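Reader: I am new to this structure. Please take one part of it and go through that part closely, along with what surrounds it.

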Amino acid sequence: MQFHHHGYVSGDPRIQPPRGEGLDRPETLPDEVDVLIVGTGPAGMIMAAQLSQFPHLRTRIIERRPGRLEIGHADGIQARSVETFQAFGFADRITAEAYRITEMAFWKPDPDRPEHIVRTARTPDDPTGISEFPHLIVNQARVLDYLAESASNGPARIRPDFGIAFEDLEVADDGDYPVSVSLRMEAGPEKGQQRRVRAKYVVGCDGARSGVRRAIGCTLAGDQANHAWGVMDVLARTDFPDIRTKCAIQSHAGGSILLIPREGGHLFRMYVDLGEVPADGSNAVRNTPIEQIIAKANEILAPYTLDVRNVAWHSVYEVGHRLTDRFDDVEHPASGQLPRVFITGDACHTHSAKAGQGMNVSMQDGFNLGWKLGYVLSGCSTARLLSTYSAERQVVARNLIAFDKEWSTMMAKRPEEFEDPGELEAFYTRTIEFPAGFMTEYEPSLITHDTAHQARATGFPVGKRFKSAMVSRVCDGNPLHLGHQAQADGRWRLYVFADAAAQTGDSATRRLAEWLTQSADSPLNANLPGGAWVDWFDIKVIYQQRHEDVAIQDVPDVFIPEVGPFALIDLENVYGVAPDEDIFETRGIDREGAVVVVRPDQYVADVLPLAEVDRLAAFFQRLMA
């Protein structure tokens, strides 16, 4: 974390100085806004946190509830989400309070006594080491608290406007604020009154019953699995030995349980199989009392018992897999119309809770769209950038639903229905990268190039998230994860992996550095808002030598730029290979060097040779045109 470059900071350095809208932010919702976010769920709050880094924009987020969420229904935090939290500055704190999943136990009927269950396997949660970040369990309300803190601590000082309900919207053909939004005050002295707000863009993060989705004519289409599950967060006394381990439990006749230990050492969640839902019996199943869910859990757990002492929350749901045909208000993309209204998360894709994807995928929806809105409204990018949101995220949602159908179907099977007794645990291990959040791979588009030069850095696949590795910072010798140094500040990142001759007077690395600072075609010399390229680009160089063998006084200026009002020199963007890990070997980087271009949402946009400056220039010219 860097601070002091704007002057001495004696308080919490995570609280950035207010700028723009953050300097004199109105307490009440104004009549005109740049972005109106509807809903303070995971997608809405991460978008607010991202847009808080664009303080010249007027962003507001409204919520029907009178205050913060107290009990969240989602709880699984996949490694990709923790990786994202690192960029927003709170991964370490949420990890400290969360439950960490390290393995999963599988229980099945005892062959000798089928009415009893026995443990048949323990499977590591991340057997292949796909991430340095953990798989966590923590209340959704705490995730929202941390994101709210990030939004409030950003320069724009974004805080939710509670007690305001969305009713409807209309989109005009022109005007500075073409989206007219009807609202109703749900709390406070204006309760019951109507408001109308005009916006440049509206984002519906308002859940499965989304009013924004309805207003733009989108509908969820898909199917119900006609299988009901009771879910409960409870405190209980039990002799079940794996009560603090994630478990898939299959009984002989009673159905299945997915057990998820919760944070705090005592609370746990159970998804209890309530069986098939009759065609005309949905309401009856949904009204299943908690006592019946507990009794069913005891039946499945035999010979063990569950004495529930406190129920924090419970519900009954049927597995459903539904998806909208678009994630914005453009009905005919071929028409050239550009979107003004967007939907995210449960508003456009629903699925079962047992794969732990709802909150995680929703947050990536919000992260994907947030920086794009910031760039377009700042005048830094063409409005065509916004069309990539629906194109990218709908594919992710479709793949998620396909995965979740298979997983939820397997969880509902009886043990004797599997051809292979170990099929469930084998599926869990084989597909671990998908639920962890690392299978997303964006296709070529305005912001993701082709793979013509992928061989230059095989460990950074174009279209997938930038996978970190260890390096050693030259200025102080600190061993660090390279990817962890990237904040969610809305900047593009150029990782320059230097050629072997980079420490000499003439090298491809030095020639690239000169082009970046001197060429009129360089994106650093484009007409960027505010005029300072360091506000829009973060450029790091990684040498093939150890840190002590890199002469930092000879490093080109573009890698040690001037920052802040005092024009201080930033020395923290220069790295060598770590003592015990050569990132060039770990990530398959060509010894002749490479440039890895990474989007503000941490996905690799291009890999190219150091000399391919024309390709680099063309990429950003089409984005900024």
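**Helix 2 and its surroundings**

Author: In this predicted model, the span of residues 440-624 is 15% helix and 22% strand, and its end C-alpha atoms lie 25 Å apart. The UniProt record, an unreviewed entry, annotates that span as "domain: Phenol hydroxylase-like C-terminal dimerisation". The part to look at closely is helix 2, residues 79-88.

Helix 2 is mostly covered, with 9 of its 10 residues buried. The buried residues begin with a run: Ala 79, Arg 80, Ser 81, Val 82, Glu 83, Thr 84 and Phe 85. Ala 87 and Phe 88 complete the list. Buried here is a matter of relative accessible area, with under 20% as the cut-off. After the helix comes Gly 89, which has a positive phi near 90 degrees.

Several elements cover these buried residues, including helix 1 (42-51), helix 3 (91-97), helix 4 (140-153) and helix 8 (358-378). Strand 3 and strand 7 are also part of the cover.

Those two strands belong to an open sheet of 3 strands, ordered 3-7-4 and paired in the antiparallel sense. Strand 3 (76-77) and strand 4 (99-101) are at the edges with a single partner strand each, so each has one side without a neighbour in the sheet. Strand 7, residues 135-137, is joined to strand 4 by 3 bridges. One of the residue pairs is Arg 100 with Leu 136, the latter in strand 7.

Helix 8, another part of the cover over helix 2, leads on to the nonpolar interior. The largest nonpolar core has 119 residues, and Leu 373, Trp 492, Ile 539 and Val 597 touch the most other members. Helix 8 gives the most to this core, 9 residues. Leaving out residues up to four places away in sequence, Leu 373 touches Val 35, Met 47, Leu 51, Leu 57, Tyr 201, Val 203, Phe 342 and Leu 386. Another core, of 26 residues, lies apart from the largest one and includes Ala 105, Ile 243, Val 277 and Ile 290. In soluble globular proteins, nonpolar side chains tend to be buried together.

For another covered element, turn to strand 15. In strand 15 (residues 268-276), 7 of the 9 residues are buried, so the rest of the structure largely encloses this strand. Strand 15 pairs antiparallel with strand 14 (residues 256-261) over 5 bridges, and Leu 258 has Tyr 271 of strand 15 as its bridge partner. The two strands form a hairpin with 6 residues between them, and Gly 264 in the turn has a positive phi of about 100 degrees.

How values were computed
Residues numbered from 1 in each chain as written. Predicted model: local features only at pLDDT ≥ 70, side-chain atom pairs only at ≥ 80, totals over all residues. Heavy atoms only, no water. UniProt positions renumbered as here; feature names shortened; annotations may be inferred. Helix = DSSP H or I, 4+ residues; strand = E, 2+ residues; numbered from the N terminus. Pairing = 2+ DSSP bridges. Buried < 20%, exposed > 50% of the residue type's maximum accessible area, 1.4 Å probe, protein only. Contact = heavy atoms within 4.5 Å. Core = buried A, V, L, I, M, F, W, Y, C linked by side-chain atoms within 4.5 Å.
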